[in-house]
Amino acid sequence: QVEFVESGGGLVQPGGSLSLSCAASGSLSGFLRVGWYRQAPGNQRELVATIYITGNTNYADSVKGRFTISRDNDKNTALLQMNNLKPEDTAVYYCNTVPRLYDWGQGTHVTVSS
């Protein structure tokens, strides 16, 4: 069992930036894909960014060009740099494998509002 602990969320104005961090209790190097997901109030959880063990990345259309995912296998962490944030990015953000293999962590809240 691997546990994920997300951090870095907060309140930011539209157009601002946040950097999210995900610490895994186990090694990430064995996972082909690691992703960041989010769940907005009243919506289903969605996958917004994926990074492969090769370093290749995929993004949901809604965040493409604004979000950047990275991973550090030595530190067992995954990062999500979010720029030019919009109110519709408001959500709880989670990391996990892709597809999800482990329980969800507590997530980190991101609120984009003026």
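**Asn96, Thr97 and Gly107 in an all-strand predicted model**

Asn96 is found in strand 9, which covers residues 91-97. The structure described here is a predicted model, and this residue makes a good starting point for a walk through it. The relative accessibility of Asn96 is 0%, and Asn96 therefore counts as buried, the cut-off being under 20%. Its side chain has polar partners of two kinds. One is the side chain of Thr97, with which the side chain of Asn96 makes a polar contact at 3.4 Å. The other is the backbone oxygen of Asp103, which the Asn96 side chain reaches at 3.4 Å. Once residues up to four places away in sequence are set aside, Asn96 touches Phe4, Val34, Gly35 and Tyr37, together with Leu101, Tyr102, Asp103 and Trp104.

Thr97, the partner in that side-chain pair, likewise belongs to strand 9. With a relative accessibility of 2%, Thr97 also falls under the 20% cut-off and so counts as buried. Besides the 3.4 Å polar contact between its side chain and that of Asn96, Thr97 has a backbone partner: a polar atom of its side chain lies 2.8 Å from the backbone oxygen of Pro99. Beyond four places in sequence, the residues touched by Thr97 are Phe4, Phe31, Arg33, Val34, Tyr37 and Tyr102. Phe4, Val34, Tyr37 and Tyr102 thus appear in the lists of both Asn96 and Thr97.

Further along the chain, Gly107 sits in the loop between strand 9 and strand 10, the latter spanning residues 108-112. Gly107 has a relative accessible area of 16%, under the 20% limit, and is therefore buried as well. Its contacts, leaving aside neighbours within four places in sequence, are with Glu6, Val92, Tyr93 and Tyr94. As for Ala91, 16 residues separate it from Gly107 in sequence, and the C-alpha to C-alpha distance between the two is 9.6 Å.

Attention now turns to the sheet. Four strands form an open sheet in the order 1-3-8-7, with antiparallel pairing. Strand 1 (4-7) and strand 7 (67-72) stand at the edges; each has a single partner strand, so one side of each is left without a neighbour in the sheet. From one strand to the next, the twist averages 15°. Within this sheet, strand 3 (residues 18-24) and strand 8 (residues 77-82) are paired in the antiparallel sense over six bridges. Ser19 offers a handy reference point for viewing this pairing, as it stands opposite Gln81 in strand 8.

At the level of the whole protein, there are ten strands and zero helices, giving the pattern β-β-β-β-β-β-β-β-β-β along the sequence. The radius of gyration is 13 Å, close to the 13 Å given by the globule rule for 114 residues, so the protein is as compact as a globular protein of that length. The C-alpha trace spans about 40 × 25 × 25 Å along its principal axes. Of the 114 residues, 44% count as buried, with Asn96, Thr97 and Gly107 among them. For contacts with a separation of 6 or more, 54% are accounted for by residues 24 or more positions apart. Finally, the accessible surface of the protein comes to about 6,000 Å², and carbon and sulfur atoms hold 46% of that area.

Technical notes: Residues are numbered from 1 along each chain as its sequence is written. This is a predicted model: local features need pLDDT of at least 70, side-chain atom pairs count only at pLDDT 80 or more; totals for chains, interfaces and linings use all residues. Side-chain values use heavy atoms; hydrogens and water are left out. Helices (H or I, at least four residues) and strands (E, at least two) are DSSP runs, numbered from the N terminus. Buried means under 20% relative accessible area, exposed over 50%, partly exposed in between (1.4 Å probe, protein chains only). A polar contact is a pair of N or O atoms within 3.5 Å; within protein, one must be able to donate a hydrogen and the other to accept it, and residues adjacent in sequence count only if both atoms are side-chain atoms. Contact means heavy atoms within 4.5 Å. Two strands pair if DSSP finds at least two bridges between them. Axes are lines fitted to C-alpha atoms, for helices over the stretch in contact, and angles run from 0 to 180 degrees between N-to-C directions. The radius of gyration is taken over C-alpha atoms; the globule rule is 2.2 Å times the number of residues to the power 0.38. Accessible areas come from the Shrake-Rupley method with a 1.4 Å probe; for residues, only the protein chains shown count as cover.
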